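Q: Please take a close look at a single part of this model and describe how its residues are placed, how open they are to the surroundings and what they touch.

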Amino acid sequence: MDNLDRASIEEQRALDRALAVRKTTGPQACGHCLNCFEPLPSDKRWCDADCREDWSKRNER
Ligand SMILES: [Zn+2]
């Protein structure tokens, strides 16, 4: 195995890990909007679609 193979395997692993984290945990609802920190019912993560969009824009990549 050469270094290039090793690098791409590492890259793939990191990608898999990132996807797994996103799938299984993701952002947790914690009683306030993840975007603007307004208090919310504990099952909600954002007040509305706008907040969710803002947040995901900031958190992509
Ligand atoms: Zn909000």
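A: In this predicted model, D54 has its place in helix α2, which covers residues 49-59. The relative accessibility of D54 is 39%, and because partly exposed is the term for values between the buried limit of under 20% and the exposed limit of over 50%, D54 counts as partly exposed. On the surface, D54 belongs to a patch of negative charge, where it gathers with D48, D50 and E53.

Helix α2 also holds R58, and with a relative accessible area of 53% this residue is classed as exposed. Once the neighbours within four places in sequence are left aside, R58 is in contact with L34 and N35. As for the second of these partners, N35 and R58 are separated by 23 residues in sequence, while their C-alpha atoms lie 9.3 Å apart in space.

The setting of this part is a protein of 61 residues, of which 11% count as buried, and its secondary structure amounts to two helices and zero strands. If one takes the contacts between residues at least 6 apart in sequence, 5% of them join residues at least 24 apart. The protein exposes about 5300 Å², and 51% of that area is supplied by carbon and sulfur atoms.

Conventions. Residues numbered from 1 in each chain as written. Predicted model: local features only at pLDDT ≥ 70, side-chain atom pairs only at ≥ 80, totals over all residues. Heavy atoms only, no water. Patch = residues over 30% accessible without salt bridge, like charges linked within 9 Å, V, L, I, M, F, W, Y side chains within 5 Å. Areas by Shrake-Rupley, 256 points an atom, 1.4 Å probe, with all protein chains shown as cover. Salt bridge = Lys/Arg side-chain N within 4 Å of Asp/Glu carboxyl O. Lys, Arg positive; Asp, Glu negative; His and termini not counted. Charge placed at Lys NZ, Arg CZ, Asp CG, Glu CD. Helix = DSSP H or I, 4+ residues; strand = E, 2+ residues; numbered from the N terminus. Buried < 20%, exposed > 50% of the residue type's maximum accessible area, 1.4 Å probe, protein only. Contact = heavy atoms within 4.5 Å.
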